[in-house]
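These are my notebook entries on a single model. I set down what I looked up, one topic at a time.

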Amino acid sequence: MSVEVEVDESDLAEMVEQVWESYLDPEGISPLIPTYDENQPSEVHSSVSITGSWSGHVVYASSRAAAQRAAAAFLAMELDEVSEEDISDTLGELANIVGGNVKAMLPPGAQLSLPQVVLAPESSARYPNTERISGVYGMWEGEPVSISMWQSSTDENKEEGE
């Protein structure tokens, strides 16, 4: 049986801010600037699925330039040293970190999948039978980045009041 997710947009924003401060901008000089644009473009994305007490996905999406910058920051490398594998590993780890934080706020019984990374636009990998329930959308050094949550629309608890 699936339960209504108890992670709201402010919780997700707090998680993203903690990830940013810990891994991508520890000096506090390049924050993620909110745009609130859930339709901003993306060139690469990663996701983790959560099943059990809640069913859905946590998705990290960005431009390729932002992904390369994230890999450089996360791995303490220069931009020109970052490989495709570094980008893929970093995007997977970012989705995994945020997904793990989301899972920790859910009732017992939730399980987290391994990250899936696609170095292609998010539109090429929609999540069937899901609905976006929250997201953090912003610009990082002029490049789009988003972290969103998608709930399975087949959940029994979808109706109000349950």
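**Entry 1: pairing of strand β2.** I count two strands as paired if DSSP finds at least two bridges between them. The model is a predicted one, and I began with strand β2, residues 44–51. How many bridges join β2 to strand β3? I found 7, with β3 spanning residues 56–62 and the two strands running antiparallel. I noted one pair from this ladder: V44 has S62 as its bridge partner in β3.

I then looked at the connection. β2 and β3 form a hairpin, and 4 residues lie between them. In the turn, G52 has a positive phi of about 110 degrees.

I next searched for other partners of β2. Strand β5, residues 116–118, is joined to β2 by 3 bridges and runs antiparallel to it. Here H45 of the one strand stands opposite V118 in β5. Strand β4, residues 111–112, is joined to β2 by 2 bridges, again in an antiparallel arrangement. I recorded L112 in β4 as the bridge partner of I50.

**Entry 2: burial of β2.** Is β2 largely enclosed or open to the outside? I took residues under 20% relative accessible area as buried. Of the 8 residues of β2, 6 are buried, so the strand is largely enclosed by the rest of the structure.

**Entry 3: helix α1.** I turned to helix α1, residues 9–24, and asked which of its residues are buried. They are L12, M15, V16, V19, W20 and L24. These residues cover an arc of only 140 degrees around the axis, which means that they lie on the same side of α1. The spacing is in keeping with a general rule: an α-helix has 3.6 residues a turn, so residues three or four places apart point the same way.

I also asked what covers these buried residues of α1. The cover includes β3, α2 (64–74), α3 (84–104), β6 (130–140) and β7 (143–152).

**Entry 4: the largest pocket.** I computed a volume of about 300 Å³ for the largest pocket. The elements that give two or more residues to its lining are α1 and β6. Which element gives the largest share of the lining? I found that α1 does, with 6 residues.

The lining holds 15 residues in total, and A13, V16, L32, P34 and V136 lie nearest the centre of the pocket. V16 is also among the buried residues of α1. By class, I sorted the lining into 9 nonpolar, 2 polar and 4 charged residues.

Note on methods:
Residues numbered from 1 in each chain as written. Predicted model: local features only at pLDDT ≥ 70, side-chain atom pairs only at ≥ 80, totals over all residues. Heavy atoms only, no water. Buried < 20%, exposed > 50% of the residue type's maximum accessible area, 1.4 Å probe, protein only. Arc of directions from axis to C-beta. Contact = heavy atoms within 4.5 Å. 1 Å grid on protein atoms, 1.4 Å probe; cavity = no way out; pocket = protein on both sides within 12 Å on 5 of 7 lines; lining within 4 Å. Points joined across faces, edges and corners; volume = space filled by probe spheres on them. Nonpolar A, V, L, I, M, F, W, Y, C, P; charged D, E, K, R; others polar.
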